[in-house]
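Work through the exercises below with the sequence and the model at hand, and try each task before reading its solution.

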Amino acid sequence: MGFISDNFEMFSEIAECIAAQFGPECEVTIHDLTKPYDCSIVAIYNGHVTGRKVGGSGTNTGLEILQGSAQPKDHYSYINTTENGRILRSSSKYIKDSNGKIEGSICINYDITDLLHGQSAISHLTSTENASDVREIFIDDIDQLLDYMMKEAVANTGKQLDQLTKEDMVGIVHSLNAKGLFLNCELYLP
């Protein structure tokens, strides 16, 4: 017996918990590397993510580790791609015996393809890169809007109200007329 098989129930419950927590896009796989590599998967949750099942084999990385051509180092949050182009964020935790020999692994493969599409869509919707310079004033009361427009017209002269010349005032009136300030003046006359 090995560490994975001796503690299979605990590992399986942890894997099931992780898969349930993160939902159907999260595959969690337990490999028993004391078994032949072509059937090292002893438990898998949401196997549809990579199309694998119990009794299936591990990946090329596990094979390289078993061969000794790669070091058995835990890797977290790395990017993978499935054969059908789905993008996965993966993590692999290797399980060693008391002598440091790799006996198995717990691997998480989270399909982030749809999240990346959503992120892109949100980015396009919230981008201000090509936004126009139209500036609207959202005020509920017309009197406040008129007051705002008049103060803005005065401020655009760069002078204080008591410093305005006759020409400045005529310019302000023309500017306010162009912005529609006088369209409904008859509504405000007694």
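The exercises that follow treat strand pairing, a helix, backbone angles and a pocket.

This is a predicted model, in which local features need pLDDT of at least 70 and side-chain atom pairs count only at pLDDT 80 or more, while totals for chains, interfaces and linings use all residues. Residues are numbered from 1 along each chain as its sequence is written, and side-chain values use heavy atoms, with hydrogens and water left out.

**Exercise 1.** Find the bridge partners of S92 in β3 and in β5.

*Solution.* Helices (H or I, at least four residues) and strands (E, at least two) are DSSP runs numbered from the N terminus, and two strands pair if DSSP finds at least two bridges between them. Begin with β3 (residues 75–81) and β4 (residues 87–96), which pair in the antiparallel sense over five bridges; here H75 stands opposite S92. Next take β5 (residues 102–111), which runs antiparallel to β4 and is joined to it by nine bridges; in β5 the partner of S92 is C107. In the turn of the hairpin of β4 and β5, which has five residues between the strands, G100 has a positive phi of about 90 degrees.

**Exercise 2.** Decide how the buried residues of α2 are arranged around its axis.

*Solution.* Check the length of α2 (residues 8–22) first: at 1.5 Å a residue, its 15 residues should span 21 Å (the expected span is 1.5 Å times one less than the number of residues), and the end C-alpha atoms are 21 Å apart, which agrees. Then list F11, S12, A15 and A19, which are buried (under 20% relative accessible area; exposed is over 50%, partly exposed in between, with a 1.4 Å probe and protein chains only). Seen down the axis of α2, the buried residues fall within an arc of 100 degrees (taken from the directions from the helix axis to the C-beta atoms), so they line one face of the helix. On the other side of α2, E9, C17, A20 and Q21 are exposed.

**Exercise 3.** Locate N46 and S77, and describe the phi of each.

*Solution.* Most residues other than glycine have a negative phi. N46, in the loop between β2 (41–45) and α3, has a positive phi near 60 degrees. S77, found in strand β3, likewise has a positive phi near 60 degrees, and S77 is partly exposed, with a relative accessible area of 41%.

**Exercise 4.** State which element gives the largest share of the lining of the largest pocket.

*Solution.* The largest share, four residues, comes from β3.
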